[in-house]
Amino acid sequence: MKRAQTLLLLILLLGCLSACAGGGGGDTADDRPAIAVEDYLTAKVSGNAEAIRAGLCAEMEAVLERELRTFESVSNAAIEGMSCASDDPAATTETAVRCTGQIVALYGTEETTFPLAAYRAVNEDGEWKWCGETE
């Protein structure tokens with residue numbers, strides 16, 4: 001039963017990510033919001049709890065456990081072709097970050113892909129943080 005619930009959660013996450021998918025890409029060398037989102041997504045896929053906590057905005061702390069467990073029941077999760085760019089790299093408080101690429105994970109014997117989408121990045125005390133999906 002737990003496996004079915006996890007699969008349902010992953011499918012819902014996929015649907016949300018697909019609905020929010022947008023264009024993007026570009027050089028992230030000076031794009032701190034995009035770098036923060038890339039770092040957060042990488043931590044989430046690899047299950048790095050410390051980096052997930054560090055990269056999550058205060059507003060999303062209530063869903064920390066969900067974020068920590070997102071890829072817990074899958075194997076071989078990896079990000080392929082990730083490229084992120086913020087709508088406004090010079091923003092000081094908040095911006096949207098649009099990512100291309102996908103997360104690929106093995107659920108049982110079935111490979112599942114999760115397209116990357118658009119995410120909200122906020123600046124908290126001088127640090128950019130991932131703060132959920134956006135349009």
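**Core, salt bridges and backbone of a predicted model**

The largest nonpolar core of this predicted model holds 31 residues. Val37, Leu41, Val97, Cys99, Tyr119 and Trp130 have the most contacts inside this core. Two helices and three strands each supply at least two of its residues: helix H2 (32-46), helix H4 (64-69), strand E2 (94-107), strand E4 (118-124) and strand E5 (127-133). H2 gives the largest share, with seven residues. Leu41 illustrates how the core is joined. Leaving aside neighbours within four places in sequence, Leu41 is in contact with Ile79, Met82, Cys99, Leu116, Tyr119 and Trp130. Of these partners, Cys99, Tyr119 and Trp130 are themselves among the core residues with the most contacts.

Confidence varies along the chain. The average pLDDT of the protein is 82. A score of at least 70 is reached by 79% of the residues. Among the elements, E4 has the highest mean pLDDT, 98. Helix H1 (residues 2-20) has the lowest, 38. Over residues 1-27 the pLDDT is below 50. Beyond near neighbours in sequence, this stretch still has 40 contacts in the model. Where pLDDT is low, the predicted coordinates should not be read in detail.

Seven salt bridges are found in a search of the whole structure. One of them pairs Asp87 with Arg98, with an N to O distance of 2.9 Å. Asp87 lies in the loop between strand E1 (75-86) and E2, and Arg98 lies in strand E2, so this pair ties together parts that are eleven residues apart in sequence. Asp87 is partly exposed, because its relative accessible area is 47%.

Another salt bridge joins the side chains of Arg120 and Glu94, at 3.0 Å from N to O. Arg120 belongs to strand E4 and Glu94 to strand E2; the pair therefore ties together parts that are 26 residues apart in sequence. Glu94 has a relative accessible area of 43% and so counts as partly exposed. Both E2 and E4 also supply residues to the largest nonpolar core.

Lys44, Arg66 and Glu67 form one network, joined by salt bridges that share partners. Within this network, Arg66 forms a salt bridge with Glu67. The closest N and O atoms of that pair are 2.9 Å apart. The two residues fall into separate accessibility classes. Arg66 is partly exposed, at 39% relative accessibility. Glu67 has a relative accessible area of 2%, so this residue counts as buried. The acidic end of the bridge thus sits under the 20% limit for burial.

Two residues stand out for their backbone angles. Asn76 has a positive phi of about 55°, although this residue is not a glycine. Asn76 is found in strand E1. Its relative accessibility is 62%, so Asn76 counts as exposed. Asp125 likewise has a positive phi, near 55°, and is a residue other than glycine. Asp125 is found in the loop between E4 and E5. With a relative accessible area of 83%, Asp125 is exposed. The strands on either side of this loop, E4 and E5, each supply at least two residues of the core.

Note on methods:
Residues numbered from 1 in each chain as written. Predicted model: local features only at pLDDT ≥ 70, side-chain atom pairs only at ≥ 80, totals over all residues. Heavy atoms only, no water. Core = buried A, V, L, I, M, F, W, Y, C linked by side-chain atoms within 4.5 Å. Buried < 20%, exposed > 50% of the residue type's maximum accessible area, 1.4 Å probe, protein only. Helix = DSSP H or I, 4+ residues; strand = E, 2+ residues; numbered from the N terminus. Contact = heavy atoms within 4.5 Å. pLDDT = per-residue confidence, 0-100. Salt bridge = Lys/Arg side-chain N within 4 Å of Asp/Glu carboxyl O.
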